[in-house]
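I opened this notebook to keep a record of what I looked up in one protein model, going from the whole chain down to single residues. The entries follow the order in which I checked things.

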Amino acid sequence: KGVMDESGLLEYGQVFIQVRRKDNEPVENVFGRVAVAKNPCLHPGDVRVLDAVRRSELPEVLLWLDDMVNCVVFPRNGHRPHPDECSGSDLDGDDYFITWDPRLIPTNTSTDPMDYDAKPAKNVEEVTMELIAEFFIDYMKNDILGRISNYHKAIADLSAQGARDPRCKELAQLHSTAVDYPKTGHAAKIEASHYPDSYPDFMKKKDKINHTSEKAIGKLFQRIKHHKPKNLEHLMRRFYLHFDRSLRVPGHEKFVKEAINIKEMYDSKLRSIMSRFNIGTEAEAIGGYMVRVPRSLRQRNLFDVQQQVRLETCRLRRKFFEEHFNKVPDFLEGEAVRNLYLREKASAWYVVTYSPAHQQRHIRLPGARHCRRRQDDQPLVSFAWVPLKMLCQIKKDQSRENTF
């Protein structure tokens with residue numbers, strides 16, 4: 001996220017950044033040259049190279065800066081706000097990409113950011129149902145964000161100039177116009193000159209002319225495409241369903257029946273999410289990264305869809321954890337007794353998921369034949385890791401006992 005420096009001490013071209021990579025780790029003050037951008041970033045000038053300042057260079061009395069963690073503080077000074085230079089962003093909750101790795105910071109910073117001032121909105125004397133219906137139809141006909149992005153990607157991949165190709169810059173401007181269309185009523189118009197000559201192989205446009213991409217994404221795609229391990233299915237099953245017996249805590253047996261019932265409810269809700277977003281694997285659902293976007297979702301912003309999937313699966317896991325692990329029966333007294341109760345229950349959740357005797361206890365997805373990749377022959381396993389911290393503690397204690 002981003003905020004503004006209300007003190008006015010940061011100059012144009014400066015930012016203040018603090019990051020914490022993991023919970024309970026110390027805060028790291030990033031300083032030096034950094035690259036800042038916001039997705040989607042189609043114009044080459046929208047990747048801004050700025051100077052991150054040290055905390056010691058700013059007055060200690062600015063205590064609020066210490067709370068700005070995993071957040072970028074932009075200056076209020078300058079002829080144009082830096083957020084606006086990043087794809088026309090503003091500070092209303094947008095997420096920013098930031099890197100201080102010298103290998104990823106652009107060396108060519110001569111390209112100015114694009115002008116994102118939208119055209120004035122069309123005015124009407126009176127809003128009627130006929131106008132609303134007409135606008136809705138026009139919006140459906142002019143919703144071409146996906147096409148613009150695909151054309152831009154294809155041309156940038158084939159052109160030696162990359163995103164600096166004049167056609168890419170024109171498409172970047174059209175993309176901004178299309179984004180503002182619902183607010184302004186001005187539609188973006190694609191010309192014949194904007195059509196790509198061919199598409200890179202990683203876009204998998206089977207009905208179009210394709211070329212082998214020589215850019216970074218293309219090289220990654222080709223390495224993955226040609227990497228096919230032998231006995232892949234056997235390896236997946238071996239590692240995906242490996243049963244770690246050290247996580248089987250004595251006393252877990254009394255929670256097994258309850259755990260089986262709860263897992264059925266959890267799996268049913270998770271499969272419902274997978275069905276709604278047409279997700280084929282549990283890993284995509286939990287990780288929030290879709291390997292292949294179904295046609296029904298291609299008109300939506302991929303980042304937003306992935307964020308929504310990740311949010312819903314996180315809510316699901318948090319809901320089950322809070323319902324079953326945040327409270328213990330009142331008759332259990334003493335911290336040690338309560339911890340043992342929770343460890344036994346967590347162990348039961350793991351056992352009913354990974355134990356060979358329980359691996360066939362999973363719910364088949366109703367209407368799964370409509371899913372793009374059926375995974376019904378493989379049980380869902382994320383249920384076991386809802387009480388993750390407790391399983392980690394069991395493993396640590398087990399390792400400590402084996403050491404002594």
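The entries below cover the overall make-up, the nonpolar cores, one helix pair and a few backbone details.

**Entry 1, overall make-up.** I note at the outset that this is a predicted model, so I treat every value here as computed from predicted coordinates. I counted 11 helices and nine strands in the protein, and I found that buried residues make up 41% of its 404 residues. I then looked at contacts with a separation of 6 or more, and of these 71% join residues 24 or more positions apart.

**Entry 2, the largest nonpolar core.** Which residues touch the most other members of the largest nonpolar core? I found that they are Tyr-266, Leu-270, Ile-279, Trp-349 and Tyr-350, in a core of 40 residues. When I asked which helices supply this core, I could list α7 (256-276), α9 (302-325), α10 (335-354) and α11 (388-403), each of which gives at least two residues. The helix that gives the most is α10, with nine residues. I keep in mind as background that nonpolar side chains tend to be buried together in soluble globular proteins.

**Entry 3, Trp-349 and the other core.** I took Trp-349 from that list and looked up its contacts, leaving out residues up to four places away in sequence. Trp-349 touches Ala-259, Ile-262, Phe-320, His-324 and Phe-325, and also Phe-383, Ala-384, Val-386 and Pro-387. Apart from the largest core I found another one, of 16 residues, which includes Ile-148, Ala-154, Ala-188 and Tyr-199.

**Entry 4, the pair α3 and α4.** How do helix α3 (residues 145-158) and helix α4 (residues 166-184) pack? I read an angle of about 165 degrees, with the two axes 9 Å apart. Because angles over 145 degrees count as roughly antiparallel, I describe α3 as roughly antiparallel to α4, and I record their crossing as left-handed. On the α3 side the contact is made by Leu-145, Ile-148, Ser-149, Tyr-151, His-152, Ile-155 and Ala-156. On the α4 side I listed Arg-167, Cys-168, Leu-171, Ala-172, Leu-174, His-175, Ala-178 and Val-179. Sorted by class, the contact of α3 with α4 holds 11 nonpolar, three polar and one charged residues. I also noticed that Ile-148 of α3, which takes part in this contact, is among the members of the 16-residue core.

**Entry 5, Ser-355.** Is Ser-355 buried or exposed? Ser-355 has a relative accessible area of 11%, so I class it as buried, and I place it in the loop between α10 and α11. Setting aside its neighbours within four places in sequence, Ser-355 is in contact with Phe-243 and Tyr-350. Of these two partners, Tyr-350 had already come up among the residues with the most contacts inside the largest core.

**Entry 6, backbone details.** I found a cis peptide bond from Asn-39 to Pro-40, with omega near 0 degrees, and Pro-40 sits in the loop between β4 (32-37) and β5 (48-52). I then looked at positive phi values outside glycine, and noted Asn-70 with phi near 55 degrees and Lys-204 with phi of about 55 degrees. Asn-70 lies in the loop between β5 and β6 (71-74), whereas Lys-204 lies in the loop between β8 (199-200) and β9 (210-211). At 45% relative accessibility I count Asn-70 as partly exposed, and at 48% I count Lys-204 as partly exposed.

Notes: Residues numbered from 1 in each chain as written. Predicted model: local features only at pLDDT ≥ 70, side-chain atom pairs only at ≥ 80, totals over all residues. Heavy atoms only, no water. Core = buried A, V, L, I, M, F, W, Y, C linked by side-chain atoms within 4.5 Å. Buried < 20%, exposed > 50% of the residue type's maximum accessible area, 1.4 Å probe, protein only. Contact = heavy atoms within 4.5 Å. Axes fitted to C-alpha atoms, helices over the stretch in contact; angles between N-to-C directions. Parallel < 35°, antiparallel > 145°, perpendicular 65-115°, else oblique. Left-handed = near helix turned anticlockwise from the far one by under 90°. Nonpolar A, V, L, I, M, F, W, Y, C, P; charged D, E, K, R; others polar.
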